[in-house]
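Here are my notes on the model you sent. They are short and meant to be read beside the structure.

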Amino acid sequence: MSLESIKYKRGNLEILDQLLLPIHTRYVKVQGVEDGWKVINKMQVRGAPAIAIVGCLSLAVELLKDNSSDKKIMRQEIEGKLNYLVSARPTAVNIKLAADKLITLANDLSADENVSPDDFKERFISSIESMLTKDIEDNKAIGRFGCEAILKNLGGDGLVRILTHCNTGSLATAGYGTALGVIRCLYERKRIEHVYCTETRPYNQGARLTAYELVHEKIPATLVVDSMVSALMHARKITAVVVGADRVAANGDTANKIGTYQIAIVAKYHEVPFYVAAPLTSIDMSLTSGERIKIEERPDREMTHIGEHRIAAAGIKCWNPSFDVTPASLITGIITERGVFDPDKLKEIIPKLSN
Ligand code: MRU
């Protein structure tokens, strides 16, 4: 069974505390929007799809306890709370797009005279709950499309060696994963020879979380330090790199975990295909290019300490951008739940796809 990062039953939300993994498995109760904001901001839950789902579910939990019978007040509060949740982490766009959709729904339900306050609540909460199953379905489709693209490119019936960065698996989504979903699908089809995952400094999502998921799934895998990627590509033939995304701009430029950009450069040099696997909810057509993506900067402590242990000299200054932007020109394809797209073609294709 794959790892469960989000446990939800109507009125009850718990998240697996990712700050404690892989040492401790502990779930944290999320009792409403304030808790939702905190677990996202502290990165107890992380990964663009999981951030969106947990944020919205925290609102569903809070709304269920709300006895208000005034739709206008509910609508107003929902909008304020969603905007607050979006502010917890600024780079991943999924929560912003989910919030915009839910605000539109709240406006429509509030304006419809045939909808009672109870119906409003029911339909609004159900809409949030449907994000959980939709995300898993989308991830499975991403997995299939990505697997097929990589195998087609490979030709023949050989095995593949995949490099991935950060964590894009069950822990970063409602389940199955995006880039890790592609790896999962390749493994299910018995086409994986080996997976390499980077440590992903400074927060170590690769060493702590991806390595944990790969070991859990018994997928043959090796951990490498971020600075080993060039040596790895030189020493061992990598079939493809597959990473996730926090925000893809309309021109295909992609923000993902810090270090992604340098892996894409190294992949280009070694002629290794470089794929971004992400749901359509990670594509932000309102931004013309990656230059306009806001990059979150995290506290110095994530660099200077591991847990309670200081690893950097006291007094040193730090720069800790959590993400970087890989130019579209370095990306072979963007793997979505609707197919694999050339990054240059997003502007043409995305408006034609209905959700
Ligand atoms: O800072 P994080 O851990 O939230 O960053 C996560 C990533 O960069 C992932 O690659 C991205 O969110 C995609 S998760 C399916």
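1. In which sense, left-handed or right-handed, does H2 pass H4? The crossing is right-handed. Keep in mind throughout that this is a predicted model. H2 spans residues 48-65 and H4 spans residues 94-111. Their axes come within 8 Å and cross at roughly 35°.

2. Which residues make the contact between H2 and H4? From H2 come Ala-48, Pro-49, Ile-51, Ala-52, Gly-55 and Cys-56. From H4 come Asn-94, Ile-95, Ala-98 and Leu-102. By class, eight of these residues are nonpolar and two are polar. Charged residues are absent from this contact.

3. Now the ligand. There are 19 residues around it, and Arg-89, Gln-205, Asp-246, Asn-256 and Lys-257 come nearest. Arg-89 places a polar side-chain atom 2.8 Å from a ligand oxygen atom. Gly-47 and Ala-48 use the backbone instead. A polar backbone atom of Gly-47 is 2.9 Å from an oxygen atom of the ligand. For Ala-48, a polar backbone atom is 2.8 Å from a ligand oxygen. How much of the ligand does the protein cover? On its own the ligand has 420 Å² of accessible area, and the protein covers 99% of that.

4. Ala-48 deserves a second look. Its backbone has the ligand contact just given. Ala-48 is also one of the H2 residues that meet H4.

5. Glu-129 sits in helix H5, residues 117-154. What does its side chain pair with? The partner is the side chain of Arg-10, through a polar contact of 2.9 Å. Leaving out residues up to four places away in sequence, Glu-129 touches Tyr-8, Arg-10 and Leu-57. Leu-57 falls within the range of H2, residues 48-65.

6. Please check the backbone at two prolines. Most peptide bonds are trans. The bond from Leu-21 to Pro-22 is cis, with omega near 5°. Pro-22 is in the loop between strand E2 (12-16) and strand E3 (27-30). The bond joining Arg-201 and Pro-202 is cis too, with omega about 5°. Where is Pro-202? Pro-202 lies in the loop between strand E5 (192-198) and helix H7 (205-217).

7. One more backbone point. Most residues other than glycine have a negative phi. Thr-200 is not a glycine, yet its phi is positive, about 65°. Thr-200 is in the loop between E5 and H7. Pro-202, with its cis bond from Arg-201, is in the loop between E5 and H7 as well.

Key
Residues numbered from 1 in each chain as written. Predicted model: local features only at pLDDT ≥ 70, side-chain atom pairs only at ≥ 80, totals over all residues. Heavy atoms only, no water. Axes fitted to C-alpha atoms, helices over the stretch in contact; angles between N-to-C directions. Helix = DSSP H or I, 4+ residues; strand = E, 2+ residues; numbered from the N terminus. Left-handed = near helix turned anticlockwise from the far one by under 90°. Contact = heavy atoms within 4.5 Å. Nonpolar A, V, L, I, M, F, W, Y, C, P; charged D, E, K, R; others polar. Near = heavy atom within 4 Å. Polar contact = N/O pair within 3.5 Å; in protein donor to acceptor, adjacent residues only side chain to side chain. Areas by Shrake-Rupley, 256 points an atom, 1.4 Å probe, with all protein chains shown as cover.
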